[in-house]
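Biologist: I'd like to learn how to read a model like this one. Can we go through it feature by feature?

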Amino acid sequence: MKNLQLKNTGTKALTYDASIEWHGEHDGVDASLDVSQLTANAGSSKAFNLTLTVGSSVEEDTFYEGQVNLKSQGHPDLHLPFVVNVGKEQPATGFGIQELSLSNTVIYPNRSSQNSTDLSFKLSGSNANVYRIDLVNLDDESLGFLDVKYAPAGENLKTGTYTLKNIGNAYHPFETVQEGDEEVLKPVLDSNGKPTTSYLKDGVYRVYVLADQVKSSDEYAVIHKNEGAYEGFISFRVDNTRENNPGDPGPGPGPGNGPGGSGSTPAQPSGNESVGSVIDQGQKQIPVAAKTSSNNGVTTASISDSDLKAAISSAGSSAAAVVISAPRNDANVTFTLTADQVKALSTLPKGSTVVFSTGGSAISVPVTVFGKAPANTSFELVIKKADDQKSKFETTVPGSKVIGAPVSFEAFWVTGSARASVQVPNQIFIKRSFTVPGSIDPNTAGVLFEENGKITPVSSVFKAQKGGSTIVTVSRPGFSVYAAVSRTVKFNDIVSSPAASDITALANKLIIDGTAEGIFSPKSNLTRAEFTALLSRSLGLRSNAASSFADVNATAWYANDVSAAYESGLIQGVGQNKFAPNASVTRQEMAVILHRALQLTDVEVKASNPSFSAYADDAKVAPYAKDAVKSLASAGIVSGDANIFNPTAAATRETVAAALHQLLIKTNLID
């Protein structure tokens, strides 16, 4: 049986009819699919299986060809060829990398058994003096490498079988480096010139083997995929949970393929998927079991000093995610940390977080928050369902409906009987996730959050799970109460707009509204106040401070948004203590503010147009905006018209919608 996958990179769900077509006679050999029709939701993948059967009377050393056909009305047909070889030996495929296999297609790094896998592959190509084994995620992004091997100087690697043993969740990460007009991947090196180590979060990954001919003998040199290079890949799954889950597959070998092959796609994990949504790639995941007690319907979860000490020791010098899970899926759980534990957690390496998880919900608190704890205070974090607040959210957005139950995430510093809410500056983003019923397609629902009595939208990611539920993830400063919300939005004046899909997506996510019922006014200009409010709310920024600008009235509808943007470093005003809220925002002002927002999220965005140098009217771009315009244009966030940027022209509503949507996508804040 072969595991196949249909990946939909578009913005709408696609349904295909699936069938088998043979190329010639195939007596005694048959193939079948486990589905006759399959649907891949927008931005997601759909797995299906091809099963082959060979009768005992079929002669050896014969082969049969066929293909899987996928057809969808209004879309090009898809064809996946396959070859059935009958015999005891692997056939020569013509590929330089062949016969990839793994001893385990699922590994559990935090368990005593099946915590690693061994890779073997056959190098049949003779014109390579180096191979490198990389890790690639399902979005085809290279994360880092596992191993590099060079032949002796002046020689090529010998053909034959190579092995790499004990592949776990550790790898050496890459960073993107600009070399001339080209972006290349290089290992991240420490102060001693050695590759740093990161760790895989839960998920499916591809082991990618590249063999090539290079001139450099530098152990960590960039290896380009030149013409004639050999490559192959195979997939495996990482499950960082500590305890065994019923139904987890046991050890088993998995075949791999050369270029164009699918590899084997391991079964998806069961358990609390919300944890994986709040852990960053590269963090070392360290589970810590919590002990619980219940009183009056409230469950309290705590951890021992010895378990925490062991977790901190396990992290070493790597960024870690210490995962504290309540063993029961209760709807109302209070996690507690003593003052000494708070102090200990603040010593974890930079980039570390503490994840609190229960009942399909999780929140990842950066250790920098614990570093700001008042002296001798303990910490409480409460995760609970907030069904009683449903109507409040629905009233805020007419025509909306809350999906499932709102979830509250609240944190407190505790001294004796006194509790004070934990205040988080706008420079620290906190990820939280919660589970709602139903399989919800991307860009069809959004999130509202309530803080200090004010309800506003915030960017969100919806990821449908097997079993008919959806994980909702929100990353913003602060804690608060969150509700997944759907509403029907249709604008009648955006059919010809190049930003129609961006506008619709942001409207469905509750981020942007029209100017009237069914009207968006895509060509209208946006004021500086409107743009700032749109950006502040999409990032979930809030402020308790009064406005710093003389021309922003404290009672203005946008006052809090302007204060939050100013606190976050997104805006600086126009001089003389003025903000000019009613002036149109220009295209170069938009670029500068969006660029600051990109820096605020601390997400490294890869250039989608790395060869971009400058627009034809670059001389008209103000000096303060040149770097921002070039950076965002290279990243594909802003665009011009026929290589003209028009920096001083007013930014239209459709222009802002397109740029904001791309920014939120590239910073992983939205679907």
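Biologist: Let me start with one residue: does V355 count as buried or exposed?

Modeller: The yardstick is relative accessible area with a 1.4 Å probe, protein chains only: under 20% is buried, over 50% is exposed, and anything in between is partly exposed. V355 comes out at 0%, so V355 counts as buried. Before we go on, this is a predicted model, where local features need pLDDT of at least 70 and side-chain atom pairs count only at pLDDT 80 or more, while totals for chains, interfaces and linings use all residues. Numbering runs from 1 along each chain as its sequence is written, and side-chain values use heavy atoms, with hydrogens and water left out.

Biologist: Which strand holds V355, and which residues is V355 in contact with?

Modeller: V355 sits in strand β25, residues 353-358. Strands here are DSSP runs of E with at least two residues, helices are runs of H or I with at least four, and both are numbered from the N terminus. Contact means heavy atoms within 4.5 Å. Setting aside neighbours within four places in sequence, V355 contacts V275, V278, I279, A321, V322, V323, I324, A362, I363 and S364. As for P647, 292 residues along the chain from V355, the two C-alpha atoms are 43 Å apart.

Biologist: How do I read a sheet? Which strands sit at the edges of the one with β1, β5 and β3?

Modeller: Strands of a sheet pair through backbone hydrogen bonds, either parallel or antiparallel. Two strands count as paired if DSSP finds at least two bridges between them. In this open sheet 3 strands run in the order β1-β5-β3, with antiparallel pairing. The edges are β1 (2-7) and β3 (29-33), each pairing on one side only. Neighbouring strands are turned by 25° against each other on average, direction ignored. β3 pairs with β5 (residues 45-54) over 5 bridges; A31, for one, has L52 in β5 as bridge partner.

Biologist: And the sheet with β4, β2, β6 and β7: how many strands form it?

Modeller: That open sheet has 4 strands in the order β4-β2-β6-β7, also with antiparallel pairing. β4 (37-40) and β7 (78-86) are the edge strands. From one strand to the next, the twist averages 30°. Between β2 (residues 14-22) and β6 (residues 62-71) there are 6 bridges, and A18 is partnered with L70 in β6.

Biologist: Now the cores. Which residues have the most contacts inside the largest nonpolar core?

Modeller: A nonpolar core is a set of buried Ala, Val, Leu, Ile, Met, Phe, Trp, Tyr and Cys residues joined through side-chain atoms within 4.5 Å. The largest has 60 residues, and L535, L539, L570, M590, L594 and L660 have the most contacts inside it. α6 (500-508), α7 (528-538), α8, α9, α10 (626-635) and α11 (653-666) each supply at least two of its residues. The largest share, 8 residues, comes from α9. Apart from this core lies another, of 51 residues, including V333, L348, L381 and I440.

Biologist: What about L570: which residues does L570 touch?

Modeller: Leaving out residues up to four places away in sequence, L570 touches L535, L539, L541, A565, I593, R596, A597 and L600.

Biologist: Let's look at α7. How many of its residues are buried?

Modeller: α7 is mostly covered, with 9 of its 11 residues buried; among them are F531, L534 and L535. The cover includes β32 (454-458), α8, α9 and α11. G540 follows α7 and has a positive phi, near 70°.

Biologist: There's an arginine in α7, R528. Why does R528 count as buried?

Modeller: Because its relative accessibility is 8%. Its side chain reaches the backbone oxygen of F579 at 2.7 Å. Beyond its neighbours within four places, R528 contacts residues including G573, P581, V585 and E589.

Biologist: V585 turns up there. Where does V585 lie?

Modeller: V585 is in the loop between α8 (559-567) and α9 (587-601). At 1% relative accessibility, V585 counts as buried. Among its contacts, leaving aside neighbours within four places, are L526, F531, M590 and A650.

Biologist: Last one: which residues does UniProt list for "domain: SLH"?

Modeller: The unreviewed UniProt entry lists 486-544, 545-608 and 612-671. Such positions use the numbering used here, feature names are shortened, and annotations may be inferred rather than shown by experiment. In the model, residues 486-544 are 34% helix and 2% strand, with end C-alpha atoms 29 Å apart. Residues 545-608 are 38% helix and 0% strand, and their end C-alpha atoms are 38 Å apart.

Notes:
A polar contact is a pair of N or O atoms within 3.5 Å; within protein, one must be able to donate a hydrogen and the other to accept it, and residues adjacent in sequence count only if both atoms are side-chain atoms. Axes are lines fitted to C-alpha atoms, for helices over the stretch in contact, and angles run from 0 to 180 degrees between N-to-C directions.
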